[in-house]
2 protein chains.
Amino acid sequence: MSPHYKLIYFNARGRAEHIRFIFAYAGVEYEDERISREKWPEVKKRMPFGMLPVLEIDGKAVAQSNAVARYLARQYGLAGRNEWEALQCDVLVDTLGDLKQVLAQFRMEQDPIKKEEKKARLMRETIPFYLSKFEKMLSENNGFSVGSDITWCDFVFAVSLENFEHIFGKAALDQYPALKALKIKVYNIPSISAWVGKRPTTES
Amino acid sequence: MSPHYKLIYFNARGRAEHIRFIFAYAGVEYEDERISREKWPEVKKRMPFGMLPVLEIDGKAVAQSNAVARYLARQYGLAGRNEWEALQCDVLVDTLGDLKQVLAQFRMEQDPIKKEEKKARLMRETIPFYLSKFEKMLSENNGFSVGSDITWCDFVFAVSLENFEHIFGKAALDQYPALKALKIKVYNIPSISAWVGKRPTTES
């Protein structure tokens with residue numbers, strides 16, 4: 001019997017959406033609890049390290065979105081065919097994490113001059129550096145990020161690329177056809193598409 | 001037969017030392033290549049994502065220190081007894097990573113006033129918050145971070161706590177006896193102790 005899962009996060013895609021994609025793909029039931037900003041200070045005190053998302057597995061609270069996603073991916077056959085492919089998933093998820101951290105530093109920058117400088121450098125250097133490497137990798141790999149089948153890493157890419165288009169506009173991926181195709185491929189998986197069709201509409 | 005491993009990093013403990021601990025503990029041979037600052041710009045171009053550490057496994061370059069460490073930990077029996085314990089390792093390593101990121105932001109702060117503010121907040125809130133949670137967990141867990149035996153997570157803790165003492169002084173862990181005991185336990189493992197006795201002395 002499947003454990004009782006409760007995913008606790010804000011009313012957002014954010015750091016939880018790839019976990020929701022795994023549940024959708026695996027056809028696993030879970031509670032999708034969304035904490036309002038008003039309730040957060042009280043809920044925060046009960047969370048293992050004061051942060052979300054947290055997945056409760058049969059009542060045991062587990063923090064850290066990628067640790068949770070990796071665990072579920074292993075349970076439901078989405079972590080590659082072997083340890084080598086599982087490693088490649090981990091490498092790419094963390095590398096995408098590095099890029100997202102640079103993006104977050106840009107978005108949080110308060111000083112308008114520094115923000116422009118950061119944006120210029122992002123657009124000219126950092127983003128093309130990473131995306132061209134990812135693009136090459138997908139092109140050499142039959143359109144999957146790892147191995148020859150879907151993994152949780154593809155979900156992390158798809159969700160990140162959706163956010164990337166929100167921030168930089170739909171044309172931002174035009175130079176990266178393989179990345180764009182991966183995103184479309186994931187969103188066209190029937191179980192994912194069904195989830196995306198019914199999920200709450202949120203800004204981020 | 002064991003693969004040919006080459007660990008490429010700077011002449012530092014940094015983000016590679018927990019990997020070296022895994023190799024030492026498992027008794028696995030590897031090349032410990034240390035790149036000088038002068039050679040780095042040239043080496044950087046050849047690295048998968050322009051960063052170190054990288055582990056070459058039979059000539060295949062793999063980036064991301066924690067992905068590499070997790071993979072090796074699984075190969076050599078240091079990732080817990082089952083998937084649940086492997087998950088707990090991942091959660092704690094990433095949570096310690098969150099704390100280290102806050103520490104890095106403090107160390108990189110250029111503005112002396114902001115730096116003092118960040119330090120005060122770290123000492124008053126962030127560090128006690130995390131360390132007291134880790135302390136409680138170790139006390140409830142027979143002195144191991146996960147399960148009832150040594151894991152790669154213990155190595156990540158030990159190496160981080162050594163750096164913590166370097167930054168904040170030896171007395172910084174006095175309030176956290178279980179953390180201190182874990183650090184000592186890891187450094188007293190004969191294979192680790194032998195490595196620490198012969199490794200190059202470096203600042204960080």
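Here is a short, friendly walk through this predicted model, point by point.

1. **The sheet in chain A.** A good place to begin is the open sheet of four strands, whose order in chain A is S2-S1-S3-S4 and whose pairing is mixed. Its edge strands are S2 (31–35) and S4 (60–63) of chain A, each of which pairs on one side only. On average, neighbouring strands are turned by 25 degrees against each other, direction ignored.

2. **One strand pair up close.** Strands of a sheet pair through backbone hydrogen bonds, either parallel or antiparallel. Strand S1 (residues 5–10) of chain A and S2(A) run parallel, and five bridges join them. If you would like one bridge to look up, take Lys6(A), whose partner in S2(A) is Glu31(A).

3. **Helices against the sheet.** Helix H3 (residues 65–75) of chain A packs on the sheet, where it touches S1, S3 (54–57) and S4 of chain A. The direction of H3 makes about 115 degrees with that of S4(A). The other chain takes part too: helix H4 (residues 83–108) of chain B lies across S3 and S4 of chain A, at about 45 degrees to S4(A).

4. **How the copies are related.** Two copies of a chain are related by a rotation about an axis and a shift along it. Here, a turn of 180 degrees with a shift of 0.0 Å along the axis lays chain A on chain B with an RMSD of 0.0 Å. That is the relation of a two-fold axis. Of the interface residues of chain A, 100% are also interface residues in chain B, so the copies meet through the same surface.

5. **The largest cavity.** How many cavities of 30 Å³ or more does a search of the whole structure find? The search finds two. The largest holds about 50 Å³ of space. Its lining draws on both chains, with Glu83(A), Asp90(A), Arg70(B) and Tyr71(B) among the residues. Helix H4 of chain A and helix H3 of chain B are the elements that give two or more residues to this lining. By class, the lining has four nonpolar, no polar and five charged residues.

6. **The second largest cavity.** This one has a volume of about 40 Å³. Its lining includes Arg70(A), Tyr71(A), Glu83(B) and Asp90(B). The elements giving two or more residues are H3 of chain A and H4 of chain B. H4(B) gives the most, with four residues. The lining divides into three nonpolar, no polar and five charged residues.

Notes:
Residues are numbered from 1 along each chain as its sequence is written. Chains are lettered from A and ligands numbered from 1 in the order in which they are written. This is a predicted model: local features need pLDDT of at least 70, side-chain atom pairs count only at pLDDT 80 or more; totals for chains, interfaces and linings use all residues. Side-chain values use heavy atoms; hydrogens and water are left out. Two strands pair if DSSP finds at least two bridges between them. Axes are lines fitted to C-alpha atoms, for helices over the stretch in contact, and angles run from 0 to 180 degrees between N-to-C directions. Contact means heavy atoms within 4.5 Å. Copies are superposed by least squares on the C-alpha atoms of residues with pLDDT of at least 70 in both. On a 1 Å grid over the protein atoms alone, a cavity is a set of points where a 1.4 Å probe fits but cannot get out, and a pocket is an open set with protein on both sides within 12 Å along at least five of seven lines; lining residues have an atom within 4 Å of a point. Grid points are joined across faces, edges and corners, and a volume is the space filled by probe spheres set on the points. Ala, Val, Leu, Ile, Met, Phe, Trp, Tyr, Cys and Pro count as nonpolar, Asp, Glu, Lys and Arg as charged, and the others, Gly among them, as polar.
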